[in-house]
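Subject: Handover of a structure

Hello,

Here is the structure I promised to pass on. Please open it first, then read the notes below.

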Amino acid sequence: MFGRPPLVPRSGAVLLPRWLGIEQQRQLLHACREWARGAAGLHRPSMPDGTPMRVRSVCLGWHYSLRHGYTRTTVGADGTPVKPLPGWLADLARRAVVEAAELDDEVCGRPRDHKADAAIVNFYDDEARLGMHQDRAEESGAPVVSLSLGNSCVFRFGNNETRTRPWQDLILHSGDLFVFGGPGRMAYHSVVRTLPGTAPAELGIRGGRVSVTVRETGLTPNLPAQRSR
Ligand SMILES: O=C(O)CCC(=O)C(=O)O
Ligand SMILES: [Fe+2]
């Protein structure tokens, strides 16, 4: 079978299908399960009005909440210090940006300088979705790196101005890499729905979708951040 070709849905945004092989997917999924455990582990984020979201998350490096922006403790969850972002994940994100920029140099002017310091791991059950939003809590304009595991999803990638059309609906499958930077960095995006039963059997996931979104915040390590999206 032929693989899906790389896609540049718009300038600055690159989808590299099955960027992670099945063994790398298994390793990343294993890491996600470990991060989910114990203190500063899995929590249910809230909307700014306090309504809990359906998706469950773990943050690394910096904790992110819609109400408080980036913080070093898991504000709104168990309040403990956020788990560190492993160097290997920052390295993986840098490789991702470099490869994406090889396809479209609008993704990033200096891909080798990408210095990720935060990640959010999202766990989607079959009902979970994520509404249209921009990623704008970061001080850095560096690209956002997104890796998908488990069930596929419909990922809506829109414009920089509004939550409405024009947008493109992309299918993100397990192992896919999606990078958005440069002119695509401020695009509104959402997870419209996940597609139950589409995870590769070899991955060893019972159901659901897991995404790992890695970012460079540009925030100073010792100062609590104030900005939220
Ligand atoms: O889970 C995803 O694929 C998207 C996550 C996302 O957009 C975010 O965390 O800001
Ligand atoms: Fe986002």
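Where is the place of Asp135? Asp135 sits in the loop between S7 and strand S8 (144–150). Helices (H or I, at least four residues) and strands (E, at least two) are DSSP runs, numbered from the N terminus.

Some ground rules. This is a predicted model, in which local features need pLDDT of at least 70, side-chain atom pairs count only at pLDDT 80 or more, and totals for chains, interfaces and linings use all residues. Residues are numbered from 1 along each chain as its sequence is written, chains are lettered from A and ligands numbered from 1 in the order in which they are written, and side-chain values use heavy atoms, with hydrogens and water left out.

The chain as a whole

The chain has 2 helices and 13 strands. Its C-alpha atoms fill a box of roughly 50 × 40 × 35 Å along the principal axes. The radius of gyration is 16 Å, which agrees with the value near 17 Å for a compact globule of 229 residues. That radius is taken over C-alpha atoms, and the globule rule is 2.2 Å times the number of residues to the power 0.38.

Of the 229 residues, 52% are buried. Buried means under 20% relative accessible area, exposed over 50%, and partly exposed in between (1.4 Å probe, protein chains only). Contacts (heavy atoms within 4.5 Å) reach far along the sequence: among those with a separation of 6 or more, 75% join residues 24 or more positions apart.

The iron site

Which residues coordinate the iron ion (ligand 2)? They are His133 (NE2), Asp135 (OD) and His189 (NE2), at 2.1 to 2.2 Å. The two histidines link distant parts of the chain: His133 is in strand S7 (residues 130–133) and His189 in strand S12 (residues 189–195), 56 residues apart. The spacing of the donor residues in sequence is H-x1-D-x53-H. Donors are N, O and S atoms within 2.8 Å of the metal (3.2 Å for Na, K and Ca); water is not among the atoms, so sites may look incomplete.

His133 and His189 are both buried. Asp135 is buried too, with a relative accessible area of 1%. The C-alpha atoms of Asp135 and Arg215 are 9.7 Å apart, across 80 residues of chain.

Strand S12 also holds Thr194. Thr194 is buried at 4% relative accessible area. Leaving out residues up to four places away in sequence, Thr194 touches Tyr124, Asp125, Asp126, Ala128, Ser152, Cys153 and Arg209.

Loops to look at

Is Gly38 buried or exposed? Gly38 is exposed, with a relative accessible area of 65%. Gly38 lies in the loop between helix H1 (22–36) and strand S3 (56–60). The C-alpha atoms of Gly38 and Asp78 are separated by 10.0 Å, with their positions 40 residues apart along the chain.

Ala40 is also in the loop between H1 and S3. Ala40 is buried, at 4%. Its phi is positive, about 55°, although Ala40 is not a glycine.

Arg18 has a positive phi as well, near 45°. Arg18 is in the loop between strand S2 (13–16) and H1, and counts as partly exposed at 47% relative accessibility.

Finally, the peptide bond from Arg165 to Pro166 is cis, with omega near 5°. Pro166 is in the loop between strand S9 (152–157) and strand S10 (168–172).

Best wishes
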